[in-house]
Amino acid sequence: MDISTMSEATAVKRPIGQTIKAYVSLTKPRVLELLLVSTVPVMFLAEGGMPNLWLVLATVFGGSMSAGSAASFNMYLDRDMDAQMHRTEKRPLVTGEISPRAALIFSWTLAIASTVWLLATTNWLTATLSVAAIFFYVVIYTMILKRRTEQNIIWGGIAGCFPVVIGWSAVTGDVAWPAIVLFALVFLWTPAHYWPLSMKYRDDYEGADVPMLGVTRNASQVGLQVILYAWATLACSLLLIPVADMGLVYSVSAVVFGGWFVYESHRLYSQAVRGTNPRPMRVFHASITYLTLIFVAVAVDPLLPF
């Protein structure tokens with residue numbers, strides 16, 4: 001019996017609160033939070049100050065539905081793999097809390113609703129970029145790349161860059177160079193963020209036959225790749241200073257926080273080369289903190305006169 005049949009068979013009526021919680025988990029709310037961190041600050045930068053509050057709320061709501069749709073499609077398509085991994089074995093499609101059919105309907109509903117909402121409240125470009133983000137995450141990453149190449153997270157990770165241009169286009173109706181630089185920053189940050197996680201859960205990915213870099217390369221090789229992408233991320237963050245005429249707050253933040261991120265990546269590589277027990281999750285959590293602080297600086301900088 002395959003995982004689809006198992007899930008259908010075990011899906012039974014449960015308390016409404018538990019069912020709602022299961023559907024929320026389909027949207028990967030922790031990932032959703034990270035995506036929104038890169039949407040709202042860019043709206044401040046695009047406006048050159050405080051953006052319209054209604055527009056921010058509308059964009060966040062539509063973006064949340066869009067990202068939640070992509071995550072839900074991902075769980076639907078990866079339910080066989082999730083059943084083989086300790087990290088994902090409690091997801092609702094594996095436990096049977098939600099049936100595959102219900103999850104698919106939920107995914108399509110969010111995708112359509114987010115597109116209609118963004119069309120009605122923002123503009124056609126923002127809605128189109130939202131659809132493109134779903135397409136990249138579901139088709140390019142989940143369906144095509146994830147199970148075929150160790151470079152999956154690089155190109156599939158483009159989906160995680162779209163909130164930047166979505167936030168910018170919602171304010172301006174176009175996509176300008178500052179948004180493109182920040183898009184590139186998130187693109188370069190993604191491998192340095194995710195590959196340490198693949199080191200931590202190497203056995204899980206190997207057991208599920210997923211060729212993440214942490215499976216196909218040894219720890220020192222992964223550590224070196226993390227270093228290279230961390231340095232590239234730092235360089236890209238500095239490029240925003242002349243492109244967007246950023247002030248002191250962002251400039252100092254880019255140097256200090258970027259330097260810290262690079263330091264943590266070197267620390268991971270050093271541990272791997274020396275043969276000591278590497279701590280990849282330290283870099284993983286540092287990368288999240290780094291991105292959050294950088295985008296906070298992006299939001300704060302236009303509000304200050306220096």
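Here are two short exercises, with worked solutions, on a surface patch and a cavity in this predicted model.

**Exercise 1.** Find which residues form the nonpolar patch on the surface, and work out which helix gives the most to it.

*Solution.*
- Start by selecting the members on the structure: M50, L238, L248, V252, V255, V256, V296, V300, L303, L304 and F306.
- Next, take their accessible area together, which comes to about 940 Å².
- Now turn to the helices. Both α16 (248-274) and α17 (280-300) supply at least two residues each.
- To settle the ranking, look at α16: with four residues, this helix gives the most to the patch. One patch member to check by eye is V256, which sits in α16.

**Exercise 2.** Search the whole structure for cavities of 30 Å³ or more, then describe the lining of the largest cavity by helix and by residue class.

*Solution.*
- Begin with the idea behind the search: a probe the size of a water molecule, rolled over the atoms, reveals where empty space remains.
- Applied to the whole structure with a cut-off of 30 Å³, the search turns up one cavity. The volume of the largest cavity is about 30 Å³.
- Then pick out the lining, made up of E264, R267, L268, Q271, R279, R282 and V283.
- Assign these residues to helices: α16 and α17 each contribute at least two of them, and α16 has the largest share, with four residues.
- Finally, sort the lining by class, which yields four charged residues, two nonpolar and one polar.

To round off, put the two solutions side by side: α16 gives the most to the nonpolar patch, and α16 also provides the largest share of the cavity lining.

Terms used:
Residues numbered from 1 in each chain as written. Predicted model: local features only at pLDDT ≥ 70, side-chain atom pairs only at ≥ 80, totals over all residues. Heavy atoms only, no water. Patch = residues over 30% accessible without salt bridge, like charges linked within 9 Å, V, L, I, M, F, W, Y side chains within 5 Å. Areas by Shrake-Rupley, 256 points an atom, 1.4 Å probe, with all protein chains shown as cover. Salt bridge = Lys/Arg side-chain N within 4 Å of Asp/Glu carboxyl O. 1 Å grid on protein atoms, 1.4 Å probe; cavity = no way out; pocket = protein on both sides within 12 Å on 5 of 7 lines; lining within 4 Å. Points joined across faces, edges and corners; volume = space filled by probe spheres on them. Nonpolar A, V, L, I, M, F, W, Y, C, P; charged D, E, K, R; others polar.
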